[in-house]
Amino acid sequence: MAFYNRVILPNLIGTACKQSPIMKQRAKIVPEADGVVVEIGMGAAPNLPLYDSSRVKTVIGIEPNAGLRKKAARSIQQYSLPVELVDAVAEDLPLEAATADTVVLTYTLCSLPDVAGAMAEIRRVLKPGGRLLFCEHGAAPDAGVLKWQSRIEPVWKVFAGGCHLARPIDRLITEGGFSIDKLEAGYMPKTPRIVAYDYIGAAKVA
């Protein structure tokens, strides 16, 4: 699995995260980011073309996977937006308190090993009044789909970088100390339902 995680997985994630249906979901929320942005799980940087350069001062991209950081570094060179790529995990951000005007989470919360720890760090680095923007797949509301998400998840996690299929995204965010003030939830078109139920919205520290 070491070779798979180091070489194959970054290519799979990098390709999957730039598919048209997923990019359309990202585009519903990422352009709302402003000021100093901390993006948790930057991956291969698919969000970069979606940021509004007139609103964003700089992006601090957090990405612990070396293969994905390499891909992100190549993408960053194509844009004029200031980006700092940081080798770190969401549960231990090497940032001062009240650094960010906006924190962005896109298809990342599903794979964080310590959600509570990550949410605590996000609260810490957000400025007073700052926003958490999220676009995440998770638990479906339909019992039949949720049943299959739960059945497949143990194997899925092994080959998808720790990705969980059935996390209740809205509940994890509120339990993490946030109040959701904007939420769109529904199935992504043209995508298998076990991975297609998305939660897209914005929240502030409760």
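Me: In this predicted model, is K190 buried or exposed, and what is its relative accessible area?
Reply: The cut-off for an exposed residue is over 50% relative accessible area. K190 passes that cut-off and is therefore exposed, its relative accessible area being 84%.

Me: Where does K190 lie, and what is its phi?
Reply: K190 is placed in the loop between β6 (178-187) and β7. Most residues other than glycine have a negative phi. K190, a residue other than glycine, has a positive value instead, with phi near 55 degrees.

Me: Which residue in the loop between β3 and β4 has a positive phi although it is not a glycine?
Reply: The residue in question counts as partly exposed, at 36% relative accessibility. Its phi is about 55 degrees. The residue in the loop between β3 and β4 is A98.

Me: How many aromatic pairs does the model hold, and which residues do the ring pairs link into a cluster?
Reply: The count comes to two aromatic pairs. One of them joins Y187 and Y197, and Y197 also pairs with Y199. Ring pairs thus link into a cluster the residues Y187, Y197 and Y199.

Me: Why is the pair of Y187 and Y197 edge-to-face?
Reply: Planes over 60 degrees apart count as edge-to-face. The ring centres of Y187 and Y197 are 5.0 Å apart, and the pair is edge-to-face because the planes stand at 75 degrees.

Me: Which strands does the pair of Y187 and Y197 link?
Reply: Y187 is partly exposed at 23% relative accessibility, whereas Y197 is buried at 11%. The two residues are 10 residues apart, and their pair links distant parts of the chain: strand β6 for Y187 and, for Y197, strand β7.

Me: What are the centre distance and plane angle of the pair formed by Y197 and Y199?
Reply: Both Y197 and Y199 are buried. Their aromatic pair is edge-to-face, with 5.3 Å centre to centre and, between the planes, 80 degrees.

Me: Which element gives the most residues to the largest nonpolar core?
Reply: The largest nonpolar core has 33 residues, and I40, V103, I122 and I173 have the most contacts inside it. Elements giving two or more residues to this core include β1 (35-40), β4 (100-106), α4 (115-125) and α6 (169-175). The element that gives the most, with five residues, is α4.

Me: Which residues does I122 touch, not counting residues up to four places away in sequence?
Reply: I122 is one of the residues with the most contacts inside the largest nonpolar core. Beyond four places in sequence, I122 touches I40, V103, L105, L132 and F178.

Me: How many residues are in the other core, which includes I29 and Y107?
Reply: This core lies apart from the largest one, and V37 and Y51 are also among its residues. Its number of residues is 24.

Me: What accessible area does the nonpolar patch of V155, V158 and F159 have?
Reply: V158 lies in helix α5 (residues 143-159) and counts as partly exposed at 42% relative accessibility. Together, the three residues of this surface patch have an accessible area of about 280 Å².

Me: What separation do the C-alpha atoms of S150 and R167 have?
Reply: S150 is found in helix α5 and is partly exposed, with a relative accessible area of 42%. S150 and R167 are 17 residues apart along the chain, and their C-alpha atoms are separated by 9.5 Å.

Conventions. Residues numbered from 1 in each chain as written. Predicted model: local features only at pLDDT ≥ 70, side-chain atom pairs only at ≥ 80, totals over all residues. Heavy atoms only, no water. Core = buried A, V, L, I, M, F, W, Y, C linked by side-chain atoms within 4.5 Å. Buried < 20%, exposed > 50% of the residue type's maximum accessible area, 1.4 Å probe, protein only. Helix = DSSP H or I, 4+ residues; strand = E, 2+ residues; numbered from the N terminus. Contact = heavy atoms within 4.5 Å. Patch = residues over 30% accessible without salt bridge, like charges linked within 9 Å, V, L, I, M, F, W, Y side chains within 5 Å. Areas by Shrake-Rupley, 256 points an atom, 1.4 Å probe, with all protein chains shown as cover. Salt bridge = Lys/Arg side-chain N within 4 Å of Asp/Glu carboxyl O. Phe/Tyr/Trp six-rings, centres within 6.5 Å; stacked < 30°, edge-to-face > 60°.
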